[in-house]
Amino acid sequence: MKFYKLFAFTILTFLTIVLHNFTNVSGQNMIMLAVMFVCTVILPLRYEKITLWDLLLLAIFLIEISTKITHPSTFRLSTVLYSGLFMIQFVVLRTLSSTHISISEYSKFIKYVVFAFAFVLMIQQLMEIAELDGFNRNGFFSTRWKMNSLAQEPSYLPPTIMMLMVSYVKMKELVRKRTITLKESFNSDKLLWVAVIYTMVGCGTTSSIFVLPVFLIFFFRKEILEQIPNTLIIGASLFAFLMFVFPYIVQRFWIITDVLSTFDPIAIYDADSS
């Protein structure tokens, strides 16, 4: 059914992006909440596609509900229901995507989303230069050159882009039935990689420093032991580049690194609330 395909892509879209004009005072994505409620209707209609693993996930939801009995003083119905809606949405997405979304369609979807992130980031930067109210800006977390694009907040943007690209490359590997190198991926999708690099660097958040090395490790996961010297050189060069271009990000990195060793959540939040 075309409806199932469209709804599956709707779930994927609003799991990935946040339109801040449609969020409540708590920052919850109201469009995604509406999609979740629709999932509760669709789930019984997809019962024949539900697997044992799906049932185990739903069983976790029942266990969460049972905490009303074991921990009545700290039980929060809204939190438990929100968690349960996420689980139901995941099960519905799995049942729909397995039969209504092909690898090529999913790969195209990822490309469109990455380009959308880059485009909105560019719009936000141009509006900042023009001293206009930024489109889709999260005013609580965003500062002058710290942009969230279509993410919940700026620090969420690099991890989101990284996961999208990891998923995109994995789809390519499934089709070709072999691993793909970073060079090969870049040569076949140059414009996409330009959008990825621009978005990660241009958002102006410290989380990029943590995400980029992990991203590189993904491509060198099989050769990482052999490539340790080169990896250190690349990492040092990248760090030197960031120190020169974005010195304030590097300063925040050292502050966070020092505070993390204390394992004090209050101190960590005071050092960097993002």
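# Contacts and salt bridges in an all-helix pattern

Me: Which residues does Asn136 touch, if those up to four places away in sequence are not counted?

Reply: Happy to start there, and keep in mind that this is a predicted model. Asn136 has its place in the loop between helix H5 (103-129) and helix H6 (157-176). Leaving aside residues up to four places away in sequence, Asn136 touches Val18, Leu19, His20, Gln124, Asn148, Ser149 and Leu150.

Me: Is Asn136 buried or exposed?

Reply: The cut-off for buried is under 20% relative accessible area. Asn136 comes to 10% relative accessibility, so this loop residue counts as buried.

Me: Which backbone nitrogen does the side chain of Asn136 reach, and at what distance?

Reply: Good one, as this side chain has two backbone partners to look at. The backbone oxygen of Ser149 lies 2.8 Å from the side chain of Asn136. For the nitrogen, the side chain of Asn136 reaches that of His20, at 2.7 Å.

Me: Let's move to Phe7. Is Phe7 buried or exposed?

Reply: Phe7 is found in helix H1 (residues 2-16). Not counting residues up to four places away in sequence, Phe7 touches Val35, Val38, Cys39, Ile42, Val92 and Leu96. Its relative accessibility is 7%, and because the limit for this class is under 20%, Phe7 counts as buried.

Me: What distance separates the C-alpha atoms of Phe7 and Ser97?

Reply: Along the chain, Phe7 and Ser97 are 90 residues apart. In space, their C-alpha atoms are separated by 9.7 Å.

Me: Which helices does the salt bridge between Glu105 and Lys5 tie together?

Reply: The side chains of Glu105 and Lys5 meet with an N to O distance of 2.9 Å. The pair ties together parts that are 100 residues apart in sequence, because Glu105 lies in helix H5 and Lys5 in helix H1. Both partners count as partly exposed, Glu105 at 29% relative accessibility and Lys5 at 28%. The helices asked for are H5 and H1.

Me: Arg94 forms a salt bridge too. What is the relative accessible area of its partner?

Reply: Arg94 pairs with Asp54, and their closest N and O atoms are 2.6 Å apart. This links distant parts of the chain, with Arg94 in helix H4 (residues 77-100) and Asp54 in helix H3 (residues 52-70), 40 residues apart. Arg94 counts as partly exposed at 26% relative accessibility. Asp54, by contrast, is buried, with a relative accessible area of 3%.

Me: Where do Glu173 and Lys170 lie?

Reply: These two form a salt bridge, the closest N and O atoms being 3.4 Å apart. Glu173 is buried, with a relative accessible area of 7%, while Lys170 is partly exposed at 34%. They are 3 residues apart, about one turn of the helix, and both lie in helix H6.

Me: How many salt bridges does the structure hold?

Reply: Glu105 with Lys5 and Arg94 with Asp54 are among them. Glu173 with Lys170 is another of these pairs. For the structure, the total is 6.

Me: How many helices does the chain come to?

Reply: Read along the sequence, the pattern is α-α-α-α-α-α-α-α-α-α-α-α. There are 0 strands in the chain, and the helices come to 12.

Me: What share of the accessible surface belongs to carbon and sulfur atoms?

Reply: The chain has 274 residues, of which 39% count as buried. Its accessible surface comes to about 16,100 Å². The share belonging to carbon and sulfur atoms is 72%.

Note on methods. Residues are numbered from 1 along each chain as its sequence is written. This is a predicted model: local features need pLDDT of at least 70, side-chain atom pairs count only at pLDDT 80 or more; totals for chains, interfaces and linings use all residues. Side-chain values use heavy atoms; hydrogens and water are left out. Helices (H or I, at least four residues) and strands (E, at least two) are DSSP runs, numbered from the N terminus. Buried means under 20% relative accessible area, exposed over 50%, partly exposed in between (1.4 Å probe, protein chains only). A polar contact is a pair of N or O atoms within 3.5 Å; within protein, one must be able to donate a hydrogen and the other to accept it, and residues adjacent in sequence count only if both atoms are side-chain atoms. Contact means heavy atoms within 4.5 Å. A salt bridge is a side-chain nitrogen of Lys or Arg within 4 Å of a carboxyl oxygen of Asp or Glu. Accessible areas come from the Shrake-Rupley method with a 1.4 Å probe; for residues, only the protein chains shown count as cover.
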